[in-house]
Amino acid sequence: MTKPADKLIIAGREFNSRLMVGTGKYASMEQMVKAIEASGTEIITVAVRRVNISDRSQESLLDYIDLKKYTLLPNTAGCYTADEAVRTCRLAREAGLSDFVKLEVLGDERTLFPDNEELLKAAKILVKEGFTVLPYTSDDPIVCRKLEDIGCAAVMPLGAPIGSGLGIRNPYTIRIILDTVKVPVIVDAGVGTASDAAIAMELGCDGVLMNTGIAGAKEPIAMAEAMNLAVRAGRLAYLSGRIPKKLFATASSPIEGMIT
């Protein structure tokens, strides 16, 4: 088990779990609830546009989430401009959801890659308005540094395109990001299975956010548990310090002192 003091800290808030999960694409609300529980997460991201905040008397996604147990992370999924994303965040705060937000500003409907120019513009506005901003961005160390300089509480570079399940396509840029910024680095998008999550954590990432990797699995609840274990295992492996890679073999048992 990881040490009790090894907590994920974002803008002064402490979390025991380093896995964040989404709430979309499940077969039912009941399945979603069970998967969230199995994941061990403490942070749940919710697309603001999927929440009925205009008429709370109607059934809502929030009816199934224990807000005393989980921290809500509203996201701006589906926004393609800075203005649109900022309005969505303001709406979430006015509705009492949270000022702790995952900022997405997409640039293309087919790839769902972020529009970093609009992202930086939106992040600057939201930080000034007192939001705790966690931006979804490309795996670009320069953009991540600019987001940190603006005042974002973390950076969330993609591992691969959203929902692709391709895993960490470019671990080298993730490593450079880890060496470039001091805020938490949370891999967001592209995780397809437990080994992908473990790799992200072994690189030294502070956390992983996923939705489709769990919700789209044949057995989402079992996959949620697998992701829980993978994130914990990857983090523990990172803290333990792996052996260096070598070109040639090294005997497991010392040769010195052996009886011949």
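Student: Which residue stands opposite D188 in β10?

Tutor: In this predicted model, D188 stands opposite L209 in β10. L209 has a partner on β3 too, since M20 also stands opposite L209.

Student: What makes β9 and β10 a pair of strands?

Tutor: The cut-off is at least two bridges between the strands. Strand β9 (residues 186–188) and β10 share three bridges in the parallel sense, so they count as paired. The partnership of β3 and β10 is likewise parallel and has three bridges, so that pair qualifies as well.

Student: How does the chain get from β9 to β10, and what is the hand of the crossover?

Tutor: The chain passes through helix α6 (residues 194–202), and this β-α-β crossover is right-handed. That name applies because the path from the first strand over the helix to the second runs clockwise when the strands point away from the viewer.

Student: Which residues of β10 point which way?

Tutor: From strand β10 (residues 207–210), G207 and L209 point one way, V208 and M210 the other, and all are buried. In a regular strand the side chains alternate between the two faces of the sheet.

Student: What does M210 touch?

Tutor: Beyond its neighbours within four places in sequence, M210 contacts L19, M20, V21, G22, V191, A197 and M227. M210 and M227 are both among the residues with the most contacts inside the largest nonpolar core, which has 62 residues. A second, separate core holds 13 residues, including M20 and I43.

Student: Why are the buried residues of α5 said to line one face of the helix?

Tutor: In α5 (residues 171–180), T173, I174 and I177 are buried. Seen down the helix axis, the buried residues of α5 fall within an arc of 105°, so they line one face. They pack against α4 (141–150), β8 (156–157) and β9. Turned away from that buried side are the exposed residues Y172 and D179.

Student: How do you know that R18 and D6 form a salt bridge?

Tutor: Their N to O distance is 3.0 Å. The cut-off is 4 Å, so the pair counts as a salt bridge. R18 lies in the loop between β2 (13–15) and β3 (19–22), and D6 in the segment before β1 (8–10), 12 residues apart. Both R18 and D6 are buried, and they are linked with R235 in a network of salt bridges.

Student: Why is R13 called partly exposed?

Tutor: The relative accessibility of R13 is 31%. Buried would need under 20% and exposed over 50%, so R13 falls in between and is partly exposed. D99, with a relative accessible area of 27%, is partly exposed for the same reason. R13 and D99 form a salt bridge, with the closest N and O atoms 3.6 Å apart.

Student: And why are E104 and K102 called buried?

Tutor: E104 has 6% relative accessibility, and K102 has 6% as well. The limit for buried is under 20%, so both residues count as buried. The side chains of E104 and K102 also meet in a salt bridge, at 3.0 Å from N to O.

Student: How many salt bridges does the structure hold?

Tutor: The structure holds seven salt bridges, among them the one between R18 and D6.

Methods. Residues are numbered from 1 along each chain as its sequence is written. This is a predicted model: local features need pLDDT of at least 70, side-chain atom pairs count only at pLDDT 80 or more; totals for chains, interfaces and linings use all residues. Side-chain values use heavy atoms; hydrogens and water are left out. Helices (H or I, at least four residues) and strands (E, at least two) are DSSP runs, numbered from the N terminus. Buried means under 20% relative accessible area, exposed over 50%, partly exposed in between (1.4 Å probe, protein chains only). A nonpolar core is a set of buried Ala, Val, Leu, Ile, Met, Phe, Trp, Tyr and Cys residues joined through side-chain atoms within 4.5 Å. Contact means heavy atoms within 4.5 Å. The arc is that of the directions from the helix axis to the C-beta atoms.
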